[in-house]
Amino acid sequence: MFEMLGISPQALFGQLLIGLINGAFYAILSLGLSLIFGLLNIINFAHGAQYMLGAFVAWYLLAYVGIGYWPALIVTPLLVGLVGMATERLLLRRLSRLDPIYGLLLTFGLALVIEGVFRHVYGVSGQPYAPPASLSGGYRLEFMFLPKYRAWVVVVSLAVCLGTWLVIEKTKLGAYLRAATENPTLVQAFGVNVPVMVTATYGFGVALAGFAGVLAAPVYSVNPLMGSNLIIVVFAVVVIGGMGSILGSIITGFSLGLVEGLTKVFYPEASNTAVFIIMAVVLLLRPAGLFGKAA
């Protein structure tokens, strides 16, 4: 059937794999954005810069400290998450009683500053980051070649996304978090330190961006523009899935990655705009997003 359409199975499955990998990054980044917006009502435009920061921290750890990929996968999200917690505590908390647009403007400014600093130091050229030796090479399947590292990215992204969803939706900690967003005074009356919970939640959302940055380092070159190239698409994913919907972000992220991959096979000219066309259609038919709740 593929041959009848002039498309080889290798080309089709190859593009689907690329789409699935892009979808894994869309999902994990939009998950962090939804977590921060849904629970804290902060539109975190600095998320792309924090993702880029994660990739650079992993590169720094390897180039200057000698810490390889596997330790960096744990250390980097912790470091980037701490930076996020400091950002919430020192800057964003001062705007917590104001309209969310002020938080958006602040995080947009932060993104410009972070990206500007890295562009000043490194220009726009990429820094190489090799995958770990245990994930080099790949599997030669009947219809395509599957690189081990890319398969790992998809599997670990899916595991982290589903694990986060389970914690938020099915555990007592998640129940406290959701209750604190609805009525922080009442939750605090039960002995829960809501300000600390807010700081930790923002830090966790930022740590997810840092984690995605480490995963992305061996796939894309580590460069100052890698966050800004992705953040608009990630926001579109969040809007399509439903602002603040964690499950919506995960499903929409992976699905749109596959749609993007298929578009590159059948109509490459539309591959960069397919996500935004889908977003426009969804907003017209269901303004709250596919998994969002109408206000």
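**Pockets, helix packing and aromatic pairs**

About 560 Å³ of space lies in the second largest pocket of this predicted model. The largest pocket holds about 660 Å³. The briefing below takes up these two pockets, then the packing of helix α8 against α6 and α5, and finally the aromatic residues.

**Second largest pocket**

- The lining of the second largest pocket consists of 18 residues, and those that lie nearest its centre are Gly38, Glu169, Gly244, Ser245 and Lys293.
- Two or more residues of this lining come from each of the helices α1, α5, α6 and α10, the last of which spans residues 246-266.
- Sorted by class, the lining of the second largest pocket comprises seven nonpolar, seven polar and four charged residues.

**Largest pocket**

- With a volume of about 660 Å³, the largest pocket is lined by 27 residues, of which Leu40, Glu88, Ser96, Arg97 and Val198 are the closest to its centre.
- At least two lining residues are supplied by each of α1 (9-40), α4 (100-122), α6, α7 (184-189) and α8, and α8 gives the most, with five residues.
- The lining of the largest pocket divides into 16 nonpolar, seven polar and four charged residues.

**Packing of α8 against α6 and α5**

- Two packed helices are described by the angle between their axes and the distance between the axes.
- For helix α6 (residues 172-182) and helix α8 (residues 194-216), the axes come within 11 Å and cross at roughly 110 degrees, and because angles of 65 to 115 degrees count as roughly perpendicular, α6 is roughly perpendicular to α8.
- On the α6 side this contact is made by Tyr176, Leu177 and Ala180, while Val194, Met197 and Thr201 take part from α8; by class, five of the contact residues are nonpolar, one is polar and none is charged.
- Helix α5 (residues 148-170) also has an axis that comes within 11 Å of that of α8, with a crossing angle of roughly 170 degrees, and since angles over 145 degrees count as roughly antiparallel, α5 is roughly antiparallel to α8.
- The α5 residues in this contact are Tyr149, Trp152, Val153, Val156, Ser157, Val160 and Thr164, and they meet Phe204, Leu208, Phe211, Val214 and Leu215 of α8.
- Ten nonpolar, two polar and no charged residues make up the contact of α5 with α8.

**Aromatic residues**

- A pair of aromatic rings is described by the distance of the centres and the angle of the planes.
- The structure holds 16 aromatic pairs, one of which is formed by Phe25 and Tyr220, whose ring centres are 5.6 Å apart and whose planes stand at 55 degrees, so the pair is tilted.
- This pair links distant parts of the chain, since Phe25 belongs to helix α1 and Tyr220 to the loop between α8 and α9 (228-241), with their positions 195 residues apart in sequence.
- Trp165 is placed in helix α5, and, leaving aside residues up to four places away in sequence, Trp165 touches Lys170, Ile246, Leu247 and Ile250.
- Between Trp165 and Tyr267 there is a separation of 102 residues in sequence and, from C-alpha to C-alpha, of 34 Å in space.

How values were computed: Residues are numbered from 1 along each chain as its sequence is written. This is a predicted model: local features need pLDDT of at least 70, side-chain atom pairs count only at pLDDT 80 or more; totals for chains, interfaces and linings use all residues. Side-chain values use heavy atoms; hydrogens and water are left out. Axes are lines fitted to C-alpha atoms, for helices over the stretch in contact, and angles run from 0 to 180 degrees between N-to-C directions. Helices (H or I, at least four residues) and strands (E, at least two) are DSSP runs, numbered from the N terminus. Angles under 35 degrees count as roughly parallel, over 145 as roughly antiparallel, 65 to 115 as roughly perpendicular and the rest as oblique. Contact means heavy atoms within 4.5 Å. Ala, Val, Leu, Ile, Met, Phe, Trp, Tyr, Cys and Pro count as nonpolar, Asp, Glu, Lys and Arg as charged, and the others, Gly among them, as polar. On a 1 Å grid over the protein atoms alone, a cavity is a set of points where a 1.4 Å probe fits but cannot get out, and a pocket is an open set with protein on both sides within 12 Å along at least five of seven lines; lining residues have an atom within 4 Å of a point. Grid points are joined across faces, edges and corners, and a volume is the space filled by probe spheres set on the points. Rings of Phe, Tyr and Trp (its six-membered ring) pair if their centres lie within 6.5 Å; planes under 30 degrees apart count as stacked, over 60 as edge-to-face and the rest as tilted.
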